[in-house]
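Q: I'm new to this structure and would like a close look at one part of it. Please pick a piece, go through it step by step, and then show me how it fits in with the rest.

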Amino acid sequence: MASTAGRARGRYARTAGRRREIAQAVLDLVEEKGHAGVTTAEVARRAGTSEATVLYHFPSRDHLLVAALERDEELTVLQAERDGVRPAAGLAGLDLDVLGEHAQAAARREPLLRLRVALAGLAATPGHPAADYFARHRQVAVETYAGLVAERQRRGQAHPSLDPVEVARQVMAIWEGLNAQWLLAPDFDLGATLVSAFRRLSGQNWMEAARAVLEPPTGI
């Protein structure tokens, strides 16, 4: 019985390893030549396997492209762990300049950003391979930004009457729209525009203006 279980675990490990190799090959190709240039034949060559094996693990090209996004997120988490940072650690006290820097970092990886925008549109099609991925991604993003808004409300940096979840959804909608606009015409600062939108949506501009009126000037 133990021997059978050991063989099963070994097969699972080999399968998981092969899927990672294929996903990494797709990610490398996307970053090198863009997602439009990804073919199953090239993925198989890069991964050192056959097209039949590639399609066994990922039954369509879109499945492969989703795997590239998932692999990139996996690598990001692994790097954060090596750096001693937990996912979303310190987000509650996040400086908005850092939020802008994250947006600019995404823009610097333009091929991956183009893939994300392209698949996000296709994810609206029922049954598309990207649907589950983006549903999970948006849920986590909304929860994360809602937590950020709630914490800033407690610190007096966001309007107390706002619903953090509603603001988070609006921030995500603007972020996705800005990505598409920037890819068509990169003539604006993506990070600065996102930060400006967050300030308005969270009521930070209003809070700062009200504080300036209500608090007496120092030195009087």
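A: Let's start just past the end of helix 7, where Gly 156 follows with a positive phi, near 75°. Keep in mind that this is a predicted model. Helix 7 itself covers residues 130-154. What distance should its 25 residues span? At 1.5 Å a residue, you'd expect 36 Å, and the C-alpha atoms at its two ends are indeed 36 Å apart, so the expected span and the model agree. The step count behind that figure is one less than the number of residues, because the expected span is worked out that way.

Now for a neighbour. Helix 4 packs against helix 7 with the two axes 10 Å apart and an angle of about 30° between them. Angles under 35 degrees count as roughly parallel, so helix 4 is roughly parallel to helix 7. The way helix 4 passes helix 7 is a left-handed crossing. On the helix 4 side, the contact is made by Val 66, Leu 69, Glu 70 and Glu 73, while helix 7 brings in Ala 130, Tyr 133, Phe 134, Arg 136 and His 137.

Helix 7 has a charged link to another helix, too. In general, side chains with opposite charges can pair when their charged atoms come close. Across the whole structure, a search turns up twelve salt bridges. One of them joins Arg 138 and Glu 176, with 2.8 Å from N to O. Arg 138 belongs to helix 7 and Glu 176 to helix 8 (residues 164-184), so this pair ties together parts that sit 38 residues apart in sequence. Are these two buried or exposed? Neither label fits, because partly exposed is the band between under 20% (buried) and over 50% (exposed). Glu 176 has a relative accessible area of 30%, so it is partly exposed, and Arg 138, at 29%, is partly exposed as well.

Salt bridges can also share partners: Glu 32, Glu 42, Arg 45 and Arg 46 are joined into one network that way. Inside that group, the side chains of Glu 32 and Arg 46 meet at 2.6 Å, N to O. That pair links distant parts of the chain, since Glu 32 is in helix 1 (residues 2-33) and Arg 46 is in helix 2 (residues 40-47), 14 residues apart. Arg 46 is partly exposed at 33% relative accessibility, whereas Glu 32 counts as exposed at 51%.

Helix 4, the neighbour from before, comes back in one more pair. Asp 72 forms a salt bridge with Arg 109, their closest N and O atoms being 2.8 Å apart. Asp 72 lies in helix 4 (residues 61-82), and Arg 109 is in the loop between helix 5 (96-108) and helix 6 (110-122), so this bridge ties together parts 37 residues apart in sequence. Here the two ends sit in separate classes: Asp 72 is buried, with a relative accessible area of 9%, but Arg 109 is partly exposed at 32%.

Stepping back, the protein chain has ten helices and zero strands. Of its 220 residues, 35% are buried. And if you take contacts between residues at least 6 apart in sequence, 67% of them join residues at least 24 apart.

Conventions:
Residues are numbered from 1 along each chain as its sequence is written. This is a predicted model: local features need pLDDT of at least 70, side-chain atom pairs count only at pLDDT 80 or more; totals for chains, interfaces and linings use all residues. Side-chain values use heavy atoms; hydrogens and water are left out. A salt bridge is a side-chain nitrogen of Lys or Arg within 4 Å of a carboxyl oxygen of Asp or Glu. Helices (H or I, at least four residues) and strands (E, at least two) are DSSP runs, numbered from the N terminus. Buried means under 20% relative accessible area, exposed over 50%, partly exposed in between (1.4 Å probe, protein chains only). Axes are lines fitted to C-alpha atoms, for helices over the stretch in contact, and angles run from 0 to 180 degrees between N-to-C directions. Angles under 35 degrees count as roughly parallel, over 145 as roughly antiparallel, 65 to 115 as roughly perpendicular and the rest as oblique. A crossing is left-handed if the near helix is turned anticlockwise from the far one by less than a right angle, and right-handed if clockwise. Contact means heavy atoms within 4.5 Å.
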